[in-house]
Amino acid sequence: MADIKTYLDKLNALDFSNMYGDDFFLTWEKTIDEIHATFTVADALRALREANVSTRIFDSGLGVSLFRDNSTRTRFSFASACNLLGLTVQDLDEGKSQIAHGETVRETANMVSFMADAIGIRDDMYIGKGNTYMREVSTALKEGFEDGNLEQRPTLVNLQCDIDHPTQAMADMNHIIHTFGGVENLKGKKIAMTWAYSPSYGKPLSVPQGIIGLMSRFGMEVALAHPEGYEVMPEVEAVATKQAAASGGSFVKTSSMAEAFEGADIVYPKSWAPFKAMEKRTVLYGEGDHDGIKALEKELLAQNGEFKDWECTEELMAKTAGGKALYMHCLPADITGVSCKEGEVAASVFDRYRVPLYKEASHKPYVIAAMIFLSKIQNPQAKFEELLARSVARFSK
Amino acid sequence: MADIKTYLDKLNALDFSNMYGDDFFLTWEKTIDEIHATFTVADALRALREANVSTRIFDSGLGVSLFRDNSTRTRFSFASACNLLGLTVQDLDEGKSQIAHGETVRETANMVSFMADAIGIRDDMYIGKGNTYMREVSTALKEGFEDGNLEQRPTLVNLQCDIDHPTQAMADMNHIIHTFGGVENLKGKKIAMTWAYSPSYGKPLSVPQGIIGLMSRFGMEVALAHPEGYEVMPEVEAVATKQAAASGGSFVKTSSMAEAFEGADIVYPKSWAPFKAMEKRTVLYGEGDHDGIKALEKELLAQNGEFKDWECTEELMAKTAGGKALYMHCLPADITGVSCKEGEVAASVFDRYRVPLYKEASHKPYVIAAMIFLSKIQNPQAKFEELLARSVARFSK
Amino acid sequence: MADIKTYLDKLNALDFSNMYGDDFFLTWEKTIDEIHATFTVADALRALREANVSTRIFDSGLGVSLFRDNSTRTRFSFASACNLLGLTVQDLDEGKSQIAHGETVRETANMVSFMADAIGIRDDMYIGKGNTYMREVSTALKEGFEDGNLEQRPTLVNLQCDIDHPTQAMADMNHIIHTFGGVENLKGKKIAMTWAYSPSYGKPLSVPQGIIGLMSRFGMEVALAHPEGYEVMPEVEAVATKQAAASGGSFVKTSSMAEAFEGADIVYPKSWAPFKAMEKRTVLYGEGDHDGIKALEKELLAQNGEFKDWECTEELMAKTAGGKALYMHCLPADITGVSCKEGEVAASVFDRYRVPLYKEASHKPYVIAAMIFLSKIQNPQAKFEELLARSVARFSK
């Protein structure tokens, strides 16, 4: 298996020692070596699975999924990642539990973790809450382990918060690297992360923030485009600006979709809610002001409606590099004339990119597994060699 | 283990090579050799489990269950089958996911299948929809595999659709074969698939259709009895007629329960909804016509009420061969005076057949496992010999 | 691993042969040897896991969880226990199934058990129902196994019924034993199981009943305190009285929280509903009398409100032995000023005992696993030696 040798060489050239025993919250908290180690481990795990070599490092153990809103993709990605490593997923649904009834974060974190090796949390609904909540869980788990209540400290994976969507952004980036034949080919390439119209309300900002917060680290020209009023968190813009400069690329903002698409090698048109409105919604929810929430929703849909021309059309695609930019989306997309009357993308554009879109998504389970693997395994290179030597068939044909 | 040798001999005499890599939709699409191979593999898997020999062929991997309506039995049967082979079940509940929000079948099929080796679908609610939906999923998975998005093509198992209920019919048939001491003893035996009164509304037609579509292949005399207005799909009747003739048996219709029971060796009295009403309901649901649905429901219950004498009583049982026909039901049954005031079967009849009824049900997990096994394993005989030689204990006592 | 040797010596000195093949319903149905065998096996399983030795005795198999009300803790404890032994949990949620629609206990028990090695049931809502239901399931499983429908007889574990909460009481007791350095140090120690005020309604009696029904077997002075009207089941009080006498301890009742706390080594202040009210509620539910239920709820909350001074305060804690009694709770607790305005315990008391409280809870998964293990494994000592010799890593680091 020549591939694995290549991955081992890559890992040997990287310093990712701090990932051992650590969680994965925000991509920009990780060094570029750590980011590349994650891609490399993801690719290595995939290569092993494709070669029918089992990558189970757990004989038993639980992966806890704590989702605060519904999700097919992320749920299955996390379940797949856990399964790949030998963990059994146990869902901590609020509906099924007593969490809503006054339990503290600290208590719950301990109670579900006696046999948990990993916990995936998705909490992207309220500005200022999701990431904070994850860090509280992480601290509680650290204490629980140190106090001897937990036999192991579960690795926490951010499956989407109010700030970042690291498993999505990392899967997306790995897709870009594979599509362009290596990270060394990305220097100077232009990626357009642009807002797009959707008839729905309140889509999270974590995707555009995750994209500019990660894609700005590879020397690319990152353009963020949105109508006025759809600003993302200024802290993340600051991160993108700084990283772009450091990597020899750029980060620019524009209020024109066409300008962002002009000469772009990659386009990522997607709807999101205005940051300020999300802040307001968080307050309204906190106050239990249902009339206020309804009024805000109506207002936001009306606001969205002013920008129906923010659609990824064939005309816009024609403006991209060679008319052939890589179209990306975290899915599901609002497709004009298919899933809605007017949406984020023209049906003909979306259809042309179906296969690449599914490939994009296919990286996510491996990225999540890599995050857990790197936190659990002190010497991944040795472990991969051991897995190859052990050579247990994933499927005994 | 003498049994396994018998199963291997049986398999060696059958041609089932086309099952490798294929799905299981409708029993009448399978050759009689393929049907027998499924029974034989089911029995062999059971023999191995009873001998405490692990039949895990997967070290890891997912079995996705996609249920469009509730079900304890089928859910547990699928979970048991997956567990027997080493797959972990991940439920794709519509309530838990975004499927209802405009996702396409193609997209969802790919998104849940990155690590899926099998997918079980139950979609029996709407005439003309369930089976069609499964085939769309199957096509999408084939494409996803060919496009390289999926590392494996998941096997699709029809856990009940609008046309057939193959895992039920196959489990039922295996129960008959075991009860009568072999398929060679079934020639000329009479089986009565009859409608029965139930105070509930809209039970699927897939059971009677599945029964006449399968039981007509073994040289038996198949009698279908129902009141006027409770016709099943004409296409399936045509299949039964053709198959009965080919197998040296017969397929007859009658509108008298007593006539069907007369001299029967096996009786299967069970309620179902009129096909035409189900078609109408599908249209009403499509139009979101809730008043129409309520009116239809009322009308159907009134229609059912005219046939309360369609009950499997002791008097009717006395008319069967030796008064001792094998009573069958897919469960749960509407038992007169127990689960309802007036139902499908008299309590004394049901009670006498409890043990055979549970035995009947016990075949289903193995039938499902056999369907997956035959799709995954190119040489089942060699695999069984390997499992025996490997001799891993299922339970290390 | 010196520890394991100690556990084997302990087991060798105990007679627990009747646990093999048996269920675990009520602690007082088990001999004191059987109780100690359960603690010892729980500790041994924990020692093995902490030493990274896999305790999987099942290569495949299902653990069915049948919960009739919500629960995070018990759900995760059962899932953890099953995972530790190699079983996959399959939930039998009433919402997901047809159980509510007239199925009989007998039928359901068989239908979910074709591959089930263990079933955990939580059914604590209705007086006179929960434990009865479990015994019906147990009988059905025994018959199903004897009739040949089931290949194995699943072990039934009572995860909380109307009478006892054995997994909680056993985890609590093991926590006490560990905290006091051995059961030999408990003679004459005083434990106060006392009612405490809560602003919520209808908490089950199974915890106080479980505590007095178990803690009275170790020569301790067991004091049960509650306001008039909050009596527990007289049958359980009789059990406690008899056991206390036999073990050289005592069981006393008082209507003063302060009196119970006086000189106590262990305090367990917790709210519960009045037994008579629970009986009344069971009748009202049976009659579907929703107005009656609402009225009862209101009445009970008003009744609770008369006893707001039943709070575990610093003043009360100061009355305990050295002012340092071990504070216990099954969690979640109603903490004054934290989870409610006025509750069971002062925030400062609760906070000081957080680590011991989580340790208390950490015993539960192992206690559940031990109950299953002792029912499944005829010679636990030999099995532990085998697991050590096999030495499969739980987590391959």
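Two residues are taken to be in contact when their C-beta atoms, placed from the backbone, lie within 7 Å. With that cut-off in hand, and bearing in mind that this is a predicted model, one can begin with Val222(B), which, once residues up to four places away in sequence are set aside, touches Ile191(B), Met193(B), Ile212(B), Met215(B), Ser216(B), Ala240(B), Ala244(B), Gly249(B), Ser250(B) and Phe251(B). Val222(B) also belongs to the largest nonpolar core, a set of 381 residues in which it is among those with the most contacts, together with Ala369(B) and with Val222 and Ala369 of chains A and C. The element that gives the most to this core is helix 14 of chain A, residues 354-376, with 12 residues.

The arrangement of the chains comes next. A turn of 120°, with a shift of 0.0 Å along the axis, lays chain A on chain B with an RMSD of 0.0 Å, and that is the relation of a three-fold axis. Within chain A, the residue whose C-alpha comes closest to this rotation axis is Thr88(A), at 4.6 Å. Chain C is likewise superposed on chain B by a rotation of 120° with 0.0 Å of shift along its axis, again with an RMSD of 0.0 Å, and here the C-alpha nearest the axis is that of Thr88(C), 4.6 Å from it. For this pair, 4% of the contact residues of chain C recur in chain B, the copies using different surfaces. For chains A and B, only 3% of the interface residues of chain A are also interface residues in chain B, so the copies meet through different surfaces.

The contact between chains C and B can be followed in more detail, since it takes 27 residues from chain C and 31 residues from chain B. On the side of chain C that touches chain B, strand 2 (88-91) and helix 4 (105-111) of chain C each supply at least two residues, and helix 4 of chain C provides the largest share, 4 residues. By character, the residues on this side of chain C divide into 10 nonpolar, 11 polar and 6 charged.

Inside chain C there is also an open sheet of 5 strands, in the order 7-6-5-8-9 and with parallel pairing. Its edges are formed by strand 7 (250-254) and strand 9 (326-327) of chain C, each of which pairs on one side only. Strand 6 of chain C, residues 221-225, pairs with strand 7 of chain C in the parallel sense over 5 bridges, and one bridge joins Leu224(C) to its partner Lys253(C) in strand 7 of chain C. Helix 8 of chain C, residues 234-247, packs on the sheet and touches both strand 6 and strand 7 of chain C, its direction making about 140° with that of strand 7 of chain C.

A last stop is Leu284(A), which is found in helix 10 of chain A, residues 275-287. Leu284(A) counts as partly exposed because it has 18 C-beta neighbours inside 10 Å, whereas a residue is buried if 20 or more other C-beta atoms lie within that distance. Leaving aside neighbours within four places in sequence, Leu284(A) is in contact with Asp289(A), Gly292(A), Ile293(A) and Leu296(A). Leu284(A) and Leu296(A) are 12 residues apart along the chain, and their C-alpha atoms are separated by 9.2 Å.

Definitions and conventions:
Residues numbered from 1 in each chain as written. Chains lettered and ligands numbered in written order. Predicted model: local features only at pLDDT ≥ 70, side-chain atom pairs only at ≥ 80, totals over all residues. Core = buried A, V, L, I, M, F, W, Y, C linked by C-beta atoms within 7 Å. Buried ≥ 20, exposed ≤ 12 C-beta atoms within 10 Å, placed from the backbone. Least-squares fit on C-alpha atoms with pLDDT ≥ 70 in both. Nonpolar A, V, L, I, M, F, W, Y, C, P; charged D, E, K, R; others polar. Pairing = 2+ DSSP bridges. Axes fitted to C-alpha atoms, helices over the stretch in contact; angles between N-to-C directions.
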